Structure formats: structure tokens, C-alpha cells
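User: Let's go through this structure by question and answer. Short answers, please, with the reasoning shown.

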Amino acid sequence: MEQSFARVLGAVALMVLVGVPDGPAVSQGCAPRDFLQEPLPAASWQTPWQVAISVAYPEADLQTAPSPRMSYRGAVISVDGPTSRPARQIIETPTIGDQFAILYPLSRNLDLRLAPFYDPGRARSERFFGLLYGETAGAVEQDLETVAAGPARFRVTRRHGVACQLAVAVADLDLGAAEIAPLFRDVGGSYNWRRIAGTDRLSAHSYGIAVDVNAAIGGYWRWSGATEGAVGTYENKVPWALVEAMERRGFIWGGKWHHFDGMHFEYRPELILYSRLMEGAGQ
Ligand SMILES: [Zn+2]
């Protein structure tokens with residue numbers, strides 16, 4: 001009883017934090033999740049990546065029989081499994097299973113990213129994200145709201161708890177701390193329906209699931225003068241306190257990518273859960 005009462009109080013507090021709705025008023029409370037701690041299913045007939053999707057997006061129904069498919073808000077897509085193609089091809093045309101081909105490291109290890117195309121999370125199936133967040137700018141924009149972080153205002157989707165989780169990550173931070181405050185000044189942006197520079201692939205920003213903190217601190221591989229697939233060391237200036245607060249709430253960080261994008265955080269709880277499932281399986 002006490003626990004559920006605390007939860008209700010937490011939900012009320014977070015509705016305030018989530019702040020000014022961009023579209024319709026906040027329709028539901030916010031039940032924050034801790035993706036680094038919450039229990040994982042002990043056993044399943046699904047593959048680990050299917051389990052990760054099911055746990056990450058409980059409102060989207062993933063069925064494995066007769067053939068894998070996923071439904072949300074009346075739409076259904078088939079769920080295609082992993083292929084064993086080179087990472088360079090996968091990033092262009094990933095299946096849903098391919099999104100898990102490169103394990104997102106939950107440690108502070110930035111050596112893994114030295115391998116060419118080690119970009120966990122950069123492969124995105126447009127069918128998958130279109131189902132979860134909307135296939136057009138108009139559809140995505142119906143569910144945006146604004147989350148404040150110090151002077152920054154991020155427009156993100158409220159679907160699948162994204163705005164809620166971002167607000168909680170921000171609340172976990174000491175925004176006045178000398179190492180944190182500058183990250184939320186001159187921020188790079190949030191919702192923006194656009195293609196990734198130099199490609200015809202939709203950016204994660206199109207779905208309202210990504211935020212860019214201060215670009216000058218974060219850095220971006222294209223500005224380093226490197227060529228694709230041959231990006232060298234990343235001189236990280238983003239504090240781990242921010243990275244880990246965001247990961248806890250389901251956001252992966254682009255600083256762990258070969259094609260580093262150190263300002264970029266993106267809501268991909270399925271990748272964080274999958275890394276935990278695979279860590280467990282390897283022990
Ligand atoms: Zn970004």
C-alpha cells in the first residue's frame with residue numbers, strides 16, 4: 001500500500017516536471033522505469049531480442065506465433081529477424097532483428113567503438129519506429145510535449161514513456177553542478193523531422209525520441225574530419241554522470257559509436273535491456 005501511494009505521489013510530481021504539453025494535455029501519469037535495475041524475465045519462448053522489445057514497449061504487442069509480428073494502435077508489422085550481413089550494409093537497410101547485431105556497452109569502455117561501424121543503435125528499422133511513434137511528421141507531432149532541463153527545452157514524444165523518462169533523467173541530475181550545467185546551454189535540439197545528413201534515412205529526431213545536448217561539448221564525427229568507417233579516438237568531454245543518468249532511463253548515448261555523436265541521446269530501452277540479457281547469458 002505504501003509503495004503504491006508513493007508511486008501515485010511520484011506520478012503527480014512527474015506530471016508537473018513533464019511540464020507544458022505541446023499538443024493535447026498530458027493524458028496519463030508517469031510511472032518512471034529504471035532500465036538498469038528492473039527485473040528481467042527469467043525464461044521465455046522468445047529470443048532475447050524479442051524479450052527486450054516486449055519488455056521495453058509493453059503497450060506494443062509482440063506475438064511470435066504463427067509468425068513474429070508486432071501491433072500498436074491498430075497497426076501491425078511483421079518482425080523480421082537478424083541477417084548476417086556486414087555492419088555497413090545493415091546500417092542502410094536493417095531488419096528489426098538486425099538492430100541488435102552490435103551490443104550497446106553498458107560500461108564506460110570507449111575502446112569498442114574503435115572498430116569500424118561499431119555503432120550500436122545507429123541501425124534503425126523505419127517500420128519499427130514508424131509503428132511505435134508515427135509514420136509521418138503529422139502523426140509524430142500529435143504526441144509531442146516539452147521537457148525542461150535548465151534553460152533547455154526539449155520536444156519529445158510522450159509515447160512509450162519517452163517524455164516521462166527524459167524528465168526523470170533530468171530530475172536525477174544536479175543541473176547546477178559545474179560539469180552538468182553547460183551541457184544544457186546552447187543545446188543541439190530535439191524533435192526534428194529530417195533525414196540524416198548525407199543519407200536518405202530518417203533521423204531518430206524525426207520520431208521525437210532523441211535529444212542533443214551542447215554540441216560543442218559533445219562533438220560529432222563529421223566535424224573531426226574523419227571519413228566514414230575510419231573514425232579515430234573520441235576525446236570525450238561529456239560527463240559520465242549524464243551518460244549514466246540517461247542510460248538508466250532508457251536513452252543510449254552516441255558517444256559510444258564509432259561514428260561518434262557525443263551530443264546525442266536516443267530512447268532505446270530495448271538495447272539496454274538486451275545488453276543486460278546478454279551479459280546474464282554470458283556468465
Ligand atoms: Zn542527435
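**Metal site, aromatic cluster and cavities**

User: Is D212 buried or exposed?
Analyst: D212 has a relative accessible area of 8%. Under 20% is buried, over 50% exposed, and anything in between partly exposed (1.4 Å probe, protein chains only). D212 is therefore buried.

User: What kind of model is this?
Analyst: Residues are numbered from 1 along each chain as its sequence is written, and side-chain values use heavy atoms, without hydrogens and water. Local features need pLDDT of at least 70, side-chain atom pairs need 80 or more, and totals for chains, interfaces and linings use all residues, because the model is predicted.

User: Which residues coordinate the zinc ion?
Analyst: Donors are N, O and S atoms within 2.8 Å of the metal (3.2 Å for Na, K and Ca); water is not among the atoms, so sites may look incomplete. The distances here run from 2.0 to 2.8 Å. D212 gives OD twice, alongside NE2 of H205 and ND1 of H264. The coordinating residues are H205, D212 and H264.

User: How are the donor residues of the zinc ion spaced in sequence, and what is the relative accessible area of H205?
Analyst: The donor spacing is H-x6-D-x51-H. H205 counts as buried. Its relative accessible area is 2%.

User: Why do F129 and Y133 count as stacked?
Analyst: Rings of Phe, Tyr and Trp (its six-membered ring) pair if their centres lie within 6.5 Å; planes under 30 degrees apart are stacked, over 60 edge-to-face, the rest tilted. The whole structure holds 15 aromatic pairs. In one of them, the rings of F129 and Y133 have centres 6.5 Å apart and planes at 15 degrees, so the pair is stacked.

User: How far apart are F129 and Y133 along helix α4?
Analyst: Helices (H or I, at least four residues) and strands (E, at least two) are DSSP runs, numbered from the N terminus. Helix α4 spans residues 126–133. F129 and Y133 are four residues apart in α4, about one helical turn.

User: How many residues of α4 are buried?
Analyst: F129 is buried at 0% relative accessibility, and Y133 is also at 0%. F128, G130, L131 and L132 are buried as well. The helix is mostly covered, and its buried residues number six of eight.

User: Which residues form the aromatic cluster?
Analyst: F128, F129 and Y133 of the cluster are among the buried residues of α4. Three further members are Y57, W193 and Y207. The full cluster is Y57, F128, F129, Y133, W193 and Y207.

User: How many cavities of 30 Å³ or more are there?
Analyst: On a 1 Å grid over the protein atoms alone, a cavity is a set of points where a 1.4 Å probe fits but cannot get out; lining residues have an atom within 4 Å of a point. Points are joined across faces, edges and corners, and volume is the space filled by probe spheres set on them. The largest cavity holds about 40 Å³, and the second largest about 30 Å³. The count is two.

User: How many charged residues line the largest cavity?
Analyst: The lining is I91, R122, R124, E126, R201, L202 and Y207. Ala, Val, Leu, Ile, Met, Phe, Trp, Tyr, Cys and Pro count as nonpolar, Asp, Glu, Lys and Arg as charged, and the others, Gly among them, as polar. Three of the lining residues are nonpolar, none is polar and the charged ones number four.

User: Which elements each supply at least two residues of the lining of the second largest cavity?
Analyst: This cavity is lined by F154, L166, V170, F184, V211, V213, L242 and M246. These comprise eight nonpolar residues, no polar and no charged ones. The elements are α6 (162–172), β7 (210–214) and α8 (240–248).

Notes
On a 1 Å grid over the protein atoms alone, a cavity is a set of points where a 1.4 Å probe fits but cannot get out, and a pocket is an open set with protein on both sides within 12 Å along at least five of seven lines; lining residues have an atom within 4 Å of a point.
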